[in-house]
Amino acid sequence: MILDVAAAYQAIFGIKHFEVEIPKQAQASNLNASPFYAIDKGRNYFFPVKLGGVQLPLPLVRIQGKKNVVETTMVNREGTVKELISTDDYRISIRGLCVGANGLWPEDEVGRLQKLYALNESLSISCPLTDIYLIKPDRDGSDKAVIIDFEIMETKGFQGIVGYRMELISDNPYSLTLE
């Protein structure tokens, strides 16, 4: 049985997805050597994600950042004065598909995702995209994130494919010193 992963992405996420060809000179991120390509059940895909040591199945990754800015109106002047107060944690959205072998329901993959969510701790995340935002020299290369929301999605018409969604926030280690 051939599972139509592209049709599943379209039906579940509303996204046209296609298999990529891995170039002969497959590259990795310079920051953390995270690979740009991976293979899942014979399907090539771009930007693999490893979370807590688990390779996430067929993921799509999005990162959002937000700054906290105070705007002050000046008398007799146009516009405002902006003061950067802080930068929020990065929000990382991961959506993907668990694909079962031979068209069977992907119980093992769904179980691995549930175990990740149940850990209730900061997890190491490795992906070329997240490496850019999370690995900073001032944090000794920290690449941690916490799962704050998790969903297994209904997959009408796809017995051997299950959609999942995770929302994470970056986690920066800080050391507090009492004086």
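How many aromatic pairs does a search of the whole structure find? The search turns up six, where rings of Phe, Tyr and Trp (its six-membered ring) count as a pair if their centres lie within 6.5 Å. Before going on, a word on the model: this is a predicted one, in which local features need pLDDT of at least 70 and side-chain atom pairs count only at pLDDT 80 or more, while totals for chains, interfaces and linings use all residues. Residues are numbered from 1 along each chain as its sequence is written, and side-chain values use heavy atoms, with hydrogens and water left out.

**Aromatic rings**

A pair of aromatic rings is described by the distance of the centres and the angle of the planes. Take Tyr117 and Phe150: their ring centres sit 5.4 Å apart with the planes at 20°, so this pair is stacked (planes under 30 degrees apart are stacked, over 60 edge-to-face, the rest tilted). The two partners are 33 residues apart and link distant parts of the chain, with Tyr117 in helix H2 and Phe150 in strand S10. Helices (H or I, at least four residues) and strands (E, at least two) are DSSP runs, numbered from the N terminus. Elsewhere, Phe36, Tyr37, Phe46 and Phe47 make up one aromatic cluster.

**The cores**

A nonpolar core is a set of buried Ala, Val, Leu, Ile, Met, Phe, Trp, Tyr and Cys residues joined through side-chain atoms within 4.5 Å. The largest one has 21 residues, and Leu51, Leu56, Ile94 and Met166 touch the most other members. Strands S8 (91-99), S9, S10 (144-153) and S11 (161-171), along with H2, each supply at least two residues of this core. S11 gives the most, with four. Apart from this core lies another, of 13 residues, including Phe13 and Leu97.

Looking at Met166 itself, and skipping neighbours within four places in sequence, its contacts (heavy atoms within 4.5 Å) include Leu51, Leu56, Ile94, Leu113 and Phe150.

**Two loop residues with positive phi**

Most residues other than glycine have a negative phi. Leu58 and Asn120 each have a positive one without being a glycine. Here they are side by side, where buried means under 20% relative accessible area, exposed over 50% and partly exposed in between (1.4 Å probe, protein chains only).

| Residue | Phi | Loop between | Relative accessible area |
|---|---|---|---|
| Leu58 | about 40° | strand S4 (54-55) and strand S5 (59-64) | 3%, buried |
| Asn120 | about 55° | helix H2 (107-118) and strand S9 (123-126) | 70%, exposed |

Tyr117, from the stacked pair, is partly exposed at 36%.
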